[in-house]
Amino acid sequence: MKILKRIVLIILITIIVVLVIGAISVYGVWHNELSTVTSFKQLKTRNDSHDDGSIYEMTVSGDYYFDEFIEQGGVSNDKELISFVTNKITKGLLKLNIGETEIACSAFTAKTEDGDYLFARNYDFAKTNTCIVKTSPKGRHASVSTVDLQFLGIDCNSDVSSLMDKMTCLAAPYAPLDGINDAGVSCGIFMSYQGLETTPTNQNTNAPDITSTTMLRLVLDYADSVEEAVELISKYDLHDSAGTSYHYMIADATGKSAILEWVYGTDITDNDGSKRELVVTYNDNDARIGSREEEANYQWITNFIIEPNYYEDDTKKAGWDRYNTLYDGLSKTNGIVKDEQAAMDILASVGRRSYGTGGNGTTVHSAVYNLTKKTSYWIGNEHFDDVKSKYYYSL
């Protein structure tokens, strides 16, 4: 009997040791990912009657392998990005999905009466779940950014509740749509509708490669200024995703801003994405765009290429009405707004649920980034008067 008890005890001890070693091994490999998943929480529940998706928040632990992404020369398409993220973040155990689609959006820069520089942005799309993502990778800038979870393959008509969906959200750092870093650099992505069939930019030189949202991550993680962001981006071949085209705005705490566009010819001839080249328009050097732009120290953007003579006439410019509305709101005070709330009010004036005659889709989120104070003022689904839909972050 004593021998049997001893054998049973040895077996139990062996099992416990194996389990402990296994747990230590799992933690050693997955501790950052596990910490990130456990941080995932719901801030606001969905409201289908208003086309509201749920709003979530996630704090990313570790560096999410972006240094390695850059060192390998980036990727040239969504399939390669999915492969990289799947292999690195989920250790090959979970297949992820990353992509973009046709989005509208409006944005502008401004200055407060107290002298703070702002970057304000509406994200216009359709009902979707959204995640506010906080990152602080070692050796790179900390940031707060916004991710549309539909671009990660998350069903827009249901909440993120399963462990599998939360694991999928580990890819969120690779899909920001806008954000701010702790150097006071902010950026955003906007549809540009280029070419006769909305041809994506697809450069093909010997430069390393980058996709639309990973370019924003590049800026948020590494850029100290607009000039440095442009310098970084200029080293890459850009590959737009999801069969569509985009342009971008970047701003920093000095009041400098820039609109980045990749163009070749006009909207009639700009049908070969491989021939496009980067054109940068700075807020203090934009006389060629027009007299309004020349006189303004601020910039604003919607969904058409701002390059002069790109279109036959203004009727071809997507978002031309919102562009003018933004200018009307900003020009009254020469781009000086009272505070972040005043900037948010301008964003509300072009919110898609109410703009014009209404019924123009949805504004999923509105964000005012204070580049001087490194803060974020964020509102979901045009609930501009609901304190429970307002979120504040500071870097």
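# Buried charges, a helix and two cysteines

Q: Is Lys256 buried or exposed?
A: The relative accessible area of Lys256 is 17%. Using a 1.4 Å probe and protein chains only, under 20% is buried, over 50% is exposed, and anything in between is partly exposed. Lys256 therefore counts as buried.

Q: In this predicted model, what pLDDT must side-chain atom pairs have to count?
A: Residues are numbered from 1 along each chain as its sequence is written, and side-chain values use heavy atoms, with hydrogens and water left out. The model is predicted: totals for chains, interfaces and linings use all residues, local features need pLDDT of at least 70, and side-chain atom pairs need pLDDT 80 or more.

Q: How many strands does the protein chain have?
A: Helices (H or I, at least four residues) and strands (E, at least two) are DSSP runs, numbered from the N terminus. Of the 395 residues in the chain, 54% are buried. The chain holds nine helices, and its strands number 18.

Q: Which residue pairs with Lys256 in a salt bridge?
A: Here a salt bridge means a side-chain nitrogen of Lys or Arg within 4 Å of a carboxyl oxygen of Asp or Glu. The side chain of Lys256 has such a partner at 3.1 Å, N to O. The pair links distant parts of the chain, 28 residues apart: Lys256 is in the loop between strand S11 (246–251) and strand S12 (257–263), and its partner is in the loop between strand S13 (277–282) and helix H7 (291–295). Unlike buried Lys256, the partner is exposed at 53% relative accessible area, and it is Asp284.

Q: Why is helix H5 largely enclosed by the rest of the structure, and how many of its residues are buried?
A: H5 spans residues 212–222. Its buried residues include Thr213, Met215, Leu218 and Val219, along with the charged Arg217 and Asp221. The helix is largely enclosed because, of its eleven residues, the number buried is ten.

Q: Which residue outside H5 forms a salt bridge with Asp221?
A: Inside the helix, Asp221 meets the side chain of Arg217 in a salt bridge of 3.0 Å, N to O, and these two lie four residues apart, about one turn of the helix. An α-helix has 3.6 residues a turn, so residues three or four places apart point the same way. A second bridge to Asp221 has an N to O distance of 2.8 Å, and it links distant parts of the chain, 81 residues apart. That partner is buried, as is Asp221, and sits in the loop between strand S5 (130–135) and S6; its name is Arg140.

Q: Which side chain makes a 2.8 Å polar contact with Ser143?
A: Ser143 lies in strand S6 (residues 143–148) and, at a relative accessible area of 1%, counts as buried. A polar contact is a pair of N or O atoms within 3.5 Å; within protein, one must be able to donate a hydrogen and the other to accept it, and residues adjacent in sequence count only if both atoms are side-chain atoms. One such contact, of 3.1 Å, joins the side chains of Ser143 and Arg217. The 2.8 Å contact is with the side chain of Thr135.

Q: How far is the sulfur of Cys131 from the closest cysteine sulfur?
A: A disulfide is a pair of cysteine sulfur atoms within 2.5 Å, and the structure holds zero of them. Cys131 is buried at 0% relative accessibility, and Cys169 is also buried, with a relative accessible area of 0%. The closest sulfur to that of Cys131 belongs to Cys169, but it is too far for a bond, at 6.0 Å.

Q: What is the phi of Glu382?
A: Most residues other than glycine have a negative phi, and most peptide bonds are trans. Asn381, in the loop between strand S17 (375–380) and strand S18 (390–394), has a positive phi near 55°. Glu382 is in the loop between S17 and S18 and is buried, with a relative accessible area of 12%. Although Glu382 is not a glycine, its phi is positive, about 60°.
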